[in-house]
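Me: I should like to learn how strand pairing, burial and chain contacts are read from a model. Could we work through one structure together?

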Amino acid sequence: MGIRVPLLHWLVYVLHLTFYTMMTLKIAFRNIFRQKRRTILTALAMVVGFTLSSVFIGWSDGVYSDIIAMFTQNRIGHIQVHLNDYLDKPSLYKTMDDYESIGETIGSVKGVEAWTPRVYSAGIGSVGEKSTTVQIIGIDVECEIQATRFDKKIIDGRELSAQPMREAVIGKGLAKNLAAMVGDEIVIVSQGADGSIANDLYKIVGIAESGDDITDRLACYLHIGDAQELLVLEGRSHEIVVIVSNINRVHKITKAIEANLNNLTLDVAPWQVVAKAFYRAMQADKQGDAIGRIIIMLIVAIGVLNTVLMSVLERTSEYGVLKAVGTKPGQIFWLVVCEVLIIAVGSIVVGGLLGTAGNHLLSIYGITMPQEFTYGGIKFQTMYAEVNARSLIIPAITVILSAAIVSIFPALKAARILPARAMRAH
Amino acid sequence: MTNTDVIVTESVTKVYAENGVPVEALRGVNLTIQAGEFTALVGPSGSGKTTLLNIISGLDAPTDGKVWLAGKLLSGMSGNELSDFRRDNIGFIFQAYNLIPVLTVEENVEYIMLLQRMSKTERHRRVIAMLEEVGLSGLADRNPPQLSGGQQQRVAIARAMVSEPAIILADEPTANLDSKTGADLLDMMSQLNAQTNMTFVFSTHDPMVMERATRLITLKDGQIESDEIKT
């Protein structure tokens, strides 16, 4: 019995609170429709702010996603595995001996789509009388095609054979520097892991364009077997590049790979660690975008504040009456906030539809720049948006928060009204 | 102060600062109104009638002096306490009706009871009875702007009385009405006063109100000039 009575009181209290809340909402709704023009103006400011912000996010996310996809998929992969400290101090001698079994373990991790081993070294490449520094990249052709779509980068000739055949594919920039063409021979001179001078002759079977000028000016791709032989690194590799099915899960998959390998001599790093400078530059860029969004919302907030303040000022007398008949200051405060929030919610729905439609169209047609531009070494001309939850959630939170914040001052003004003075304002 | 004293003011002073110039609206008003009185505050414009009514009801604070309403000292009450006190003890009737324009007649009358957390059944019963009483049964779903001045004032009366407060304060309730409507409403209030023993305090210039009032308090220059109890 002792428990039932407070419970009953509580239920009655909740019921009354619900009735009062319904009445508050009713008054708020009717006030919104009573001042149609002002409501439309307020909502318009919010809708425009939401839509701009949504398209802004969708577009920049789309561009960043493209950049990341190209940067990772074409070049560094989503995750890389090296011998400890290789990333900070790369060396010819920091190799993984049993890279194939490591690769198989990585391939068994859920979410891993492909993996490919690589061997790296620096050397001098000569075609005819021209010589220049080259980056020797030994690749497993089949794995590389699967992981980084190496075959798509060939702009002239063909990709390397599946077996070591003393063939080379060179970057577009390197081909230009060496005045080399498909069918020419390139002499590569380097240093072998045993201290010997490594040199050999390779037939150029293809020219590659990765989308990264710096890479293309240096890259000389060899079959991993040929590279291992040249550098005296039989059965060893410097790097395993991993491609995952969902880039957003890269950190989780990195941890899973680490756990599966369970090898303290190996360093498993997501692309954000591998390409620290690129990642930081992009984060800085994104922060710059956030400032843009804040400016948009600030303009919206000032517009909303103005209309809400005008509305409160016009209805001073009404608030006076409400207070006179016994409405508490807090209840009047919530009434004003409620009105603004109802408009904000409606605006979010409309803005959400417009923003999604805008992002969808931009994800199909994109925006083509009059001139090509480079980001992180990757060339772009057409930039596409993407439709994602972020482009709806962030503007929604921003609109709700800014609406709530700008309504505080007018709501406090209404709540603090002296009834006698307020009613004289009629 | 006796048990029947519902309104007591002690040396109430109100000074407004109009454009930086202090204006004394009330000067040491001492007043006691007993339960069930039908009192009219009369006097020329600027004599302090409305100011006194506002201070009595807690809508405005005195510059100096004390006000007791239904035995409670108003000064020192917080904003919320004052709101609750007005909600439970005072019904207001204003010259400009001051209905909530976005609520229907029924909702306007119901509003205070909702604040009082009265049950839905009881609210409904009282609204029906009160609208019947003021002759607006068929207009429950109308909004105030759809009503005539007289009808709006009837709604205001219904709103003021529906929660059965101890005191009804009416500021020039007939000022915006034609004489017939005004007389009808006054008769109605007079009848309710007789039936329910509610205390009515009017601020008025209207001879019809003065005629029906059982007590006539005349204010002049912020002071009580005369206080006449009719027999």
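Reply: Let us begin with strand pairing, bearing in mind that this is a predicted model. Strand β3 of chain B is joined by five bridges to strand β8 (residues 199-204) of chain B, and the two run parallel.

Me: To which other strand is β3(B) joined, and by how many bridges?

Reply: Its other partner here is strand β9 (residues 215-220) of chain B, with four bridges in a parallel arrangement. L41(B) shows how the register may be followed: it stands opposite S203(B) in β8(B) and opposite I217(B) in β9(B).

Me: How is burial judged for a strand, and why is β3(B) described as largely enclosed?

Reply: The criterion is a count of neighbours: a residue is buried if 20 or more other C-beta atoms lie within 10 Å of its own. For β3(B), residues 38-42, five of the five residues are buried, so the strand is largely enclosed by the rest of the structure. The two faces can then be examined separately. F38(B), A40(B) and V42(B) are buried on one side, while T39(B) and L41(B) are buried on the other, so that both faces are covered.

Me: Can the same reading be applied to a helix?

Reply: It can, and α11(A) serves as the case. Seven of its nine residues are buried, and the helix is therefore largely enclosed by the rest of the structure. The buried residues are E318(A), Y319(A), G320(A), V321(A), L322(A), K323(A) and A324(A).

Me: What covers the buried residues of α11(A)?

Reply: The cover comes from both chains. It includes α12 (329-365), α13 (390-415) and α14 of chain A, together with α2 (79-89) and β6 (90-93) of chain B. After the helix comes G326(A), with a positive phi near 115 degrees.

Me: How many residues does each chain bring to the contact between chains A and B?

Reply: Chain A contributes 23 residues and chain B contributes 22 residues. On the side of chain A that touches chain B, α1 (4-34), α11 (316-324) and α14 (419-424) each supply at least two residues. The most comes from α1(A), which gives eight residues. Sorted by class, this side of chain A has 13 nonpolar, five polar and five charged residues.

Me: Finally, how is chain A divided into domains, and how far apart do their centres lie?

Reply: Domain 1 comprises 22-69 + 279-424, and domain 2 comprises 85-263. The C-alpha centres of these two domains of chain A lie 50 Å apart.

Definitions and conventions:
Residues are numbered from 1 along each chain as its sequence is written. Chains are lettered from A and ligands numbered from 1 in the order in which they are written. This is a predicted model: local features need pLDDT of at least 70, side-chain atom pairs count only at pLDDT 80 or more; totals for chains, interfaces and linings use all residues. A residue is buried if 20 or more other C-beta atoms lie within 10 Å of its own, exposed if 12 or fewer, and partly exposed in between; C-beta atoms are placed from the backbone. Two strands pair if DSSP finds at least two bridges between them. Two residues are in contact if their C-beta atoms, placed from the backbone, lie within 7 Å. Ala, Val, Leu, Ile, Met, Phe, Trp, Tyr, Cys and Pro count as nonpolar, Asp, Glu, Lys and Arg as charged, and the others, Gly among them, as polar. Domain bounds come from an automatic or database domain assignment.
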